[in-house]
Amino acid sequence: MATMQQRTEQAASHLPEHGPIDAKTGREILLSLKHVDITFGKGEDAVRAVQDASFDLYKGETFSLVGESGSGKTTVGRAIIRVNPLAAGEIDFKGVRISGKIPRALDREVIRSIQMVFQDPAASLNERATVDYIISEGLSNFHLYSSEAERVAKVEKIINEVGLLPEHLTRYPHEFSGGQRQRIGIARAMVMEPEMVVADEPISALDVSIRAQVLNLMKRFQEEKGLTYLFIAHDLSVVRFISDRIGVIYKGRIVEIATASELFDFPLHPYTHSLISAIPIPDPVLEKNKILYTYDPSVHDYSTDKPELVDIGHDHFIYGNKKEIEEYRAIRERGVPIKPIQIAEPGSEPPAKAADRELAAEDIRIRPTHDTGSIWYMVLSFLLPILGLVGMFLFQKFHHMRNYRACRKGTVAGFIFLAAVLAIFLLLLLLMVV
């Protein structure tokens, strides 16, 4: 028994040559997240950033994780490279657990095998180091060259592959444009010859004209080196054309996973529907008349029937309770593609109700920056109701409606209080006279 345990620990101290094979698809599973929870803070201040996240990455594919800002995309990516610790669950790479406490030798293998390209190319590069040092740092830490000539050759080769020149190696990051800095970040990751790259919104900080160049560069590396990408993004118009599969995350929970074509043809979860409907249309006339779908989480009733991530067929996973899953499955089996982007007829009633439009217009028109409705306006109006009346008049005139309502509440309460005090005083005076 002890010998078997010792062999298991010894086997887990290094990565195998290949990962496990998915029995359903026959593909090699490179990375696997199993019921991952990530929490920041402790006690009452704890924030559950990721909840029960589970998905697999197959070798050689591009898996995109999409969602709005703050949904937990980057948190998952940083957990994969062992920066964010897990509160529950585990992350496996090639079938070996890499989350939590692992042997130092395995940790070094994971660092080399999984590299990350960061969102901000300026903040992720050491401004005090030359490009040569930045790219060579990983090579030096892992002793991936036998001589100085070999190191120089590797650095010059990768700098050429990313579209820069050898003379750029002596310069500093601030001397480059945003697109060039991102190429340096890609070179730093690729020189390690990783098996997987976590790309955390690598093009969001770049000009539109540069984005295609960076994406083409990453795609070329994937084809030449057999890389696997976890592509973190919020721009679905880009994700659609570079991804093999897409996972949609909402408030730390995976709500839908499908191939790119499947997800855009059948966005079954309401949140996915809302994300796709928000993709901008280049034509201003069509964009003006586009019907924007807004996701409302209150449409789900999970009080008794608890939800889970279920495969409804067609390699399509969706999060919901039993009733919702049956509805999603019925829609999918009908095989009629869903059109999440719909255009209203010119001159017709916009999709929002008139009251909603008026409220939205009011929010833009009469809620300036300093219209906070501070409680101090209410307190001051309560203590000095006459001053509160003046404040009400001024705030209403300049469309500070929140401040106006705060003054109105305080003024009304102040006059009621004064009236009550006056009534008590008159009653006592009457009793004394009688």
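pLDDT is the predictor's confidence in each residue, on a scale from 0 to 100. The structure treated here is a predicted model.

**Exercise 1. Confidence along the chain**

Determine what average pLDDT the protein chain has, and which terms describe residues 1-11 and 351-367.

Solution. Start with the whole: the average pLDDT of the protein chain is 86, and 91% of the residues score at least 70. Next take residues 1-11, where pLDDT stays under 50. For this stretch the model has zero contacts beyond four places in sequence. Then turn to residues 351-367, where the pLDDT is below 50. Here the model has 14 contacts beyond near neighbours in sequence. Where pLDDT is low, predicted coordinates should not be read in detail.

**Exercise 2. The open sheet**

Work out the strand order of the open sheet of four strands, and state which strands stand at the edges.

Solution. The order is β2-β1-β4-β5, and the pairing is antiparallel. Because β2 (47-58) and β5 (96-97) each have a single partner strand, they stand at the edges, and one side of each lacks a neighbour in the sheet.

Now go through pairs of strands. β1 and β2 run antiparallel and are joined by eight bridges; one of the bridge pairs is L31 with L57 in β2. The hairpin of β1 and β2 has six residues between the strands, and G41 in this hairpin adopts a positive phi near 90 degrees. At the other pair, β4 (residues 88-93) meets β5 in the antiparallel sense over two bridges, with D92 opposite R97 in β5.

Finally, add the helix. α2 (residues 73-80) lies across β1 (29-40), β2 and β4, and α2 runs at about 115 degrees to β1.

**Exercise 3. Two residues in strands**

Decide whether Q115 and A199 are buried or exposed, and list what each touches beyond four places in sequence.

Solution. Take Q115, which belongs to strand β6 (residues 114-117). Its relative accessibility is 13%, and buried means under 20%, so Q115 counts as buried. Leaving out neighbours within four places in sequence, Q115 is in contact with R188, A189, M192, P194, M196, V197 and V198.

Next take A199, located in strand β7 (residues 196-200). With a relative accessible area of 0%, A199 is buried. Not counting residues up to four places away in sequence, A199 touches V117, M218, L230, F231 and I232.

As a last step, relate A199 to D45: the two are 154 residues apart in sequence, and their C-alpha atoms are 30 Å apart in space.

How values were computed. Residues numbered from 1 in each chain as written. Predicted model: local features only at pLDDT ≥ 70, side-chain atom pairs only at ≥ 80, totals over all residues. Heavy atoms only, no water. Pairing = 2+ DSSP bridges. Contact = heavy atoms within 4.5 Å. Axes fitted to C-alpha atoms, helices over the stretch in contact; angles between N-to-C directions. Buried < 20%, exposed > 50% of the residue type's maximum accessible area, 1.4 Å probe, protein only.
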